[in-house]
Amino acid sequence: MQIVSSIAAIQRLARKWRRAGTRIGFVPTMGYLHAGHLSLVKRARQAVGKNGKVVVSIYVNPTQFAPTEDLSKYPRDLKRDLKLLRELNVDAVFTPSDAEMYPNKTENGYSTYVVEEKLSQPMEGASRPTHFRGVTTVVAKLFNIVLPDVAVFGQKDFQQAVVVKRMVADLYFPVQILVAPTLREREGLAMSSRNKYLTGDLRRQATILWRAIQTAQAAVKKSKIISAAKLKADLKTLVESEPAAKLDYVEFFEPETLSSVSKISRGSQIALAVFIGKTRLIDNAKL
Ligand code: AMP
């Protein structure tokens, strides 16, 4: 497994592979890997086959964090990450520095960003106004660096996958986007690097996101069509019955367009963001 931190070196490797007709599968991550990430790596391997190459990037991208967010304390354990990726026969890990990804940014010598203007507006975009600009920018850069044929994203970040797909379509990136299912802990908590912050009873309280999703699924099963406003109010009460939980948003929407629905029915998507103490968690599912 090659560990590469220079853009020139990974691009050279990717060009060599492509010249030989080898398919490249790519999984972008921020590291502190869990089984959810590893499932994306396996999906990438499946997509490119045993003769293909799988590249994983580990980069905590500063431009997708607001100044008030957890950039500096985001969990990191590169040694462990590399061990896990080696066990999956990953071909190359790209671990760039900030100076490599955003040259001259601190001297105001960096000024190009990629912005999706519609699908990035609601939900995560409303709560974290600069977040998706950072995501689309870094993903566009990584695609130009790694030159993948296929890239795998997680359903866990549902809106992110939709926004990335739109960017790829609008800008004609020659890459196929695959979206893989959310892996959960036994009690339903979606796996996330941020779960590391959930100490003591907070871990149990965090299962309220999954319990809220299950409550919505049961409601749709029972009544077929229900009012989004009513269910939102009920779920807010449910979520905030946990002492450390504060609902940021819960939305019901059409999964392709992200347009919110006032009447929820089978096939509608639910997404929610909840603070558990200081930790902000997100989750989503189809109803
Ligand atoms: P992150 O390191 O949080 O930026 O995530 C990297 C990729 O892993 C993204 O495409 C996420 O959607 C995906 N991912 C994160 N958590 C999970 C999970 N529990 N199951 C599946 N994929 C996930």
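**Exercise 1. Place N284 in its surroundings.**

Leaving aside neighbours within four places in sequence, N284 is in contact with Q155, K156, F158, R184, I213, Q269, I270 and A271. Contact means heavy atoms within 4.5 Å. This is a predicted model: local features need pLDDT of at least 70, side-chain atom pairs count only at pLDDT 80 or more, and totals for chains, interfaces and linings use all residues. Residues are numbered from 1 along each chain as its sequence is written, and side-chain values use heavy atoms, with hydrogens and water left out.

Task: find the element that holds N284, decide whether N284 is buried or exposed, and list its side-chain polar contacts.

Solution.
- Step 1. N284 sits in strand β11. Helices (H or I, at least four residues) and strands (E, at least two) are DSSP runs, numbered from the N terminus.
- Step 2. The relative accessible area of N284 is 4%, so N284 is buried. Buried means under 20% relative accessible area, exposed over 50%, partly exposed in between (1.4 Å probe, protein chains only).
- Step 3. The N284 side chain reaches the backbone oxygen of Q155 at 2.9 Å. It also makes a polar contact with the side chain of Q269, at 3.0 Å. A polar contact is a pair of N or O atoms within 3.5 Å; within protein, one must be able to donate a hydrogen and the other to accept it, and residues adjacent in sequence count only if both atoms are side-chain atoms.

**Exercise 2. Build the sheet around β11.**

Task: give the strand order and the sense of pairing, then name the edge strands.

Solution.
- Step 1. The order is β8-β10-β11, an open sheet of 3 strands with antiparallel pairing. Two strands pair if DSSP finds at least two bridges between them.
- Step 2. β8 and β11 (279-286) each pair on one side only, which makes them the edge strands.
- Step 3. β8 and β10 are joined over 8 bridges, in the antiparallel sense. E251 has A271 of β10 as its bridge partner.
- Step 4. Add the helix. α9 (residues 208-223) lies across β8, β10 and β11, at about 25 degrees to β11. Axes are lines fitted to C-alpha atoms, for helices over the stretch in contact, and angles run from 0 to 180 degrees between N-to-C directions.

**Exercise 3. Check the length of α2.**

Task: why does the span of helix α2 agree with its number of residues?

Solution.
- Step 1. α2 covers residues 35-48, which is 14 residues.
- Step 2. The expected span is 1.5 Å times one less than the number of residues.
- Step 3. That gives 20 Å, and the end C-alpha atoms are 20 Å apart, so the two agree.
- Step 4. Look at the packing. The buried residues of α2 include L38, L40 and V41. The buried residues of α2 pack against β2 (24-29), β3 (53-58), α3 (78-87), β5 (150-154) and β6 (176-180).
- Step 5. Just after α2, G49 takes a positive phi of about 80 degrees.

**Exercise 4. Compare two loop residues.**

Task: where do L147 and K224 lie, and how accessible is each?

Solution.
- Step 1. L147 is in the loop between α6 and β5. Its phi is near 50 degrees, positive in a residue other than glycine.
- Step 2. L147 has 21% relative accessibility, so it counts as partly exposed.
- Step 3. K224 is in the loop between α9 and β7 (226-227). K224 is not a glycine, yet its phi is positive, about 65 degrees.
- Step 4. K224 has a relative accessible area of 60%, so K224 is exposed.
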